[in-house]
Amino acid sequence: MKKRIFSRKDLLAIKGLHEDDLTLILDTAESFKEISRRPIKKVPTLRGQTIINLFYEPSTRTRSSFEIAAKRLSADAINISASTSSVVKGETLLDTVKNLQAMAPDIIVIRHACVGAPHLIAGQVDARVVNAGDGANEHPSQALLDLLTIREHKRNFAGLEVAIIGDIAHSRVARSNMHALPLLGAQVRVCSPPTMLPLRMDAFPGVRICASPEEALEGVDVVMMLRIQLERQDRTLFSSVNEYARRYGLNASRLKLAKKDAIVMHPGPMNRGVEISSAVADGKHSVILDQVENGVAVRMAILYLLGGMSE
Amino acid sequence: MNDRKLILDERGMAMVLSRMAYEILERNDAHGDLVLVGIRTRGVFLAQRLQALLKQIASLDVPLGILDITLYRDDLSHGTHHPVLEKTDISFSLDDKIVILVDDVLYTGRTVRAAMDGLMDFGRPRAIQLLVLVDRGHRELPIMPDYVGKHVPSSPQHKVKVRMREEDEHDSVTVSYTDQGQMD
């Protein structure tokens with residue numbers, strides 16, 4: 001039997017990973033799920049390891065998920081947010097990271113508004129680096145928790161039809177998923193207002209662009225709704241929130257176009273009544289809270305697999 | 001050099017397991033509080049067979065749990081890669097239970113130490129008793145089995161191999177001599 005190992009120093013992106021890497025992380029995450037249901041939700045595996053969560057952008061879910069994952073593995077987790085750190089005093093990212101490196105952390109989890117920030121620091125520090133979202137580029141741990149959720153409900157990826165609907169251009173979640181899903185054999189379609197499509201969709205061969213949400217939803221197994229990033233709408237990309245909700249929002253009648261047993265996903269935080277109606281978000285097709293539960297397991301798997309690298 | 005010696009064949013393993021099932025019943029009065037926990041991988045198969053035997057002999061329904069000890073190993077910081085993690089499945093409380101911990105080979109005792117740490121996270125058992133198919137000696141920790149299928153005197157250069165038909169082609173225990181010895 002081939003030995004299954006995760007042989008990378010860092011987890012910076014889905015792009016460049018192999019199918020085996022994804023499957024190993026998902027299998028490991030599946031085994032970790034059980035720990036969160038125990039009376040004592042903690043194992044001693046990463047005892048003595050220090051994990052720094054360095055967040056330059058706001059986050060509730062991802063940051064707390066990484067922190068809980070670290071603590072359930074007995075690692076010491078330290079959270080640093082840009083708003084309360086030396087960043088506000090003008091320190092550069094590299095200086096901050098070099099100072100943190102001097103305190104000998106084992107893993108640095110970083111979220112940053114700049115594309116490539118995790119890649120930049122990965123080359124500068126001994127610590128393993130995990131990308132928790134870099135600009136509009138990638139959010140690998142989110143894609144992995146999406147994959148785990150899909151696999152739990154659909155068993156296999158081969159032949160699965162997945163629709164990603166919303167602001168594709170600004171979504172690192174969409175980018176990571178558009179790399180990951182085809183790698184595992186799923187068919188991906190995307191739909192968004194023309195102003196919200198990435199300029200270079202040819203970077204994602206095999207991903208089909210649909211003209212309408214109706215076309216995208218027709219007969220799909222999985223619907224992934226993306227958040228409209230209202231805070232990033234400094235340039236007007238659509239005329240009004242109401243119009244967006246009417247034209248692209250997922251409501252119960254639109255969802256009927258999908259397969260009967262389709263699942264509905266959302267990376268959060270949701271704008272209820274905009275990209276997704278409350279009836280759908282809380283309805284029987286929704287697996288949104290499963291995604292959050294799986295987030296902890298996936299991040300435990302990532303920290304576990306990276307934490308085993310001594311060099 | 002590789003001379004392989006057969007210690008137990010299919011019939012031998014069945015007899016040994018049957019004897020140990022009786023020993024479990026003999027040694028414990030509170031049969032209703034017994035639970036079996038098998039250590040992955042072959043400890044689980046052994047525990048399943050014991051579960052069937054206890055049902056057959058005494059009409060007992062003994063719950064069975066599966067334990068993967070990977071997360072509790074003491075050598076995780078030594079290797080370069082963490083081993084693949086398999087599922088642990090103990091869907092009942094261990095509070096006040098008599099846990100029969102089952103493994104195939106007892107060697108250094110480090111696996112059992114890790115397993116006991118794992119069990120404690122599922123509650124506070126009244127007692128943990130250790131059952132092994134083979135005790136080959138060379139303990140590195142103060143751990144003693146309660147039920148032993150077969151004592152197999154060996155040197156560290158010997159390789160003890162347990163095969164079970166759930167995963168291998170047949171049931172057997174063999175000992176062979178290798179230059180490298182065996183990691184356990």
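**Figure 1. The surroundings of A:L250 in this predicted model.** Setting aside neighbours within four places in sequence, A:L250 is in contact with A:I165, A:V223, A:M225, A:L255, A:V264, A:E275, A:I276, A:S277 and A:V280. To find A:L250 yourself, look in the loop between helix 8 (241–248) and helix 9 (252–255) of chain A. Is A:L250 buried or exposed? A:L250 counts as buried, because 26 C-beta neighbours lie inside 10 Å, and 20 or more are needed for that label. One partner is worth a second look: A:S277 is 27 residues from A:L250 in sequence, yet the two C-alpha atoms are 6.2 Å apart in space.

**Figure 2. A parallel open sheet of 4 strands in chain A.** Follow the strands across the sheet and you will meet them in the order 2-1-3-4. Which strands stand at the edges? They are strand 2 (76–81) and strand 4 (128–134) of chain A, and each of them pairs on one side only. From one strand to the next, the twist averages 15°.

**Figure 3. Strand 1 of chain A and its two partners, strand 2 and strand 3.** Strand 1 (residues 50–55) of chain A pairs with strand 3 (residues 107–112) of chain A in the parallel sense, over 5 bridges. Here you can spot A:L54 standing opposite A:I110 of strand 3 of chain A. Strand 1 of chain A is also joined to strand 2 of chain A, again in parallel, by 6 bridges. On that side, A:T50 has A:D76 of strand 2 of chain A as its bridge partner. How much of strand 1 of chain A is buried? This strand is mostly covered, with 5 of its 6 residues buried. A handy thing to remember while looking at strands is that, in a regular one, the side chains alternate between the two faces of the sheet.

**Figure 4. An open sheet of 5 strands in chain A.** The pairing in this sheet is parallel, and the strands come in the order 7-6-5-8-9. Strand 7 (208–209) and strand 9 (263–265) of chain A each have a single partner strand, so one side of each is left without a neighbour in the sheet. Further in, strand 5 (residues 161–165) of chain A and strand 6 (residues 187–191) of chain A run parallel and are joined by 5 bridges. Try tracing one of these pairings: A:V162 has A:V188 in strand 6 of chain A as its bridge partner.

**Figure 5. Helix 5 packing against helix 6 in chain A.** The axes of helix 5 (residues 140–154) of chain A and helix 6 (residues 172–183) of chain A are 8 Å apart, and the angle between the helices is about 55°. That angle makes helix 5 of chain A oblique to helix 6 of chain A. Their crossing is right-handed. Helix 5 of chain A brings A:P140, A:Q142, A:A143, A:D146 and A:L147 to the contact, while helix 6 of chain A brings A:V173, A:S176, A:N177 and A:A180. By class, these residues are 5 nonpolar, 3 polar and 1 charged.

**Figure 6. Helix 1 crossing helix 2 in chain B.** The axes of helix 1 (residues 10–27) of chain B and helix 2 (residues 42–58) of chain B come within 9 Å and cross at roughly 65°. This crossing is right-handed. Among the residues that make the contact are B:L17 and B:Y22 of helix 1 of chain B, and B:L50 and B:I57 of helix 2 of chain B. The contact has 10 nonpolar residues, 1 polar and 1 charged.

**Figure 7. Backbone surprises in the loops of both chains.** Most residues other than glycine have a negative phi, and most peptide bonds are trans. Here are some exceptions to look for. A cis peptide bond joins A:G268 and A:P269, with omega about -10°. A:P269 lies in the loop between strand 9 and helix 10 (278–281) of chain A. In chain B, the peptide bond from B:R40 to B:T41 is cis, with omega near 0°, and B:T41 sits in the loop between strand 2 (34–39) and helix 2 of chain B. A:R155, in the loop between helix 5 and strand 5 of chain A, is not a glycine but has a positive phi of about 65°. A:R155 is exposed, with 9 other C-beta atoms within 10 Å.

**Figure 8. The contact of chain B with chain A.** The contact takes 17 residues from chain B and 19 residues from chain A. On the side of chain B that touches chain A, the residues divide into 6 nonpolar, 6 polar and 5 charged.

Note on methods:
Residues are numbered from 1 along each chain as its sequence is written. Chains are lettered from A and ligands numbered from 1 in the order in which they are written. This is a predicted model: local features need pLDDT of at least 70, side-chain atom pairs count only at pLDDT 80 or more; totals for chains, interfaces and linings use all residues. Two residues are in contact if their C-beta atoms, placed from the backbone, lie within 7 Å. Ala, Val, Leu, Ile, Met, Phe, Trp, Tyr, Cys and Pro count as nonpolar, Asp, Glu, Lys and Arg as charged, and the others, Gly among them, as polar. Two strands pair if DSSP finds at least two bridges between them. Helices (H or I, at least four residues) and strands (E, at least two) are DSSP runs, numbered from the N terminus. Axes are lines fitted to C-alpha atoms, for helices over the stretch in contact, and angles run from 0 to 180 degrees between N-to-C directions. Angles under 35 degrees count as roughly parallel, over 145 as roughly antiparallel, 65 to 115 as roughly perpendicular and the rest as oblique. A crossing is left-handed if the near helix is turned anticlockwise from the far one by less than a right angle, and right-handed if clockwise. A residue is buried if 20 or more other C-beta atoms lie within 10 Å of its own, exposed if 12 or fewer, and partly exposed in between; C-beta atoms are placed from the backbone.
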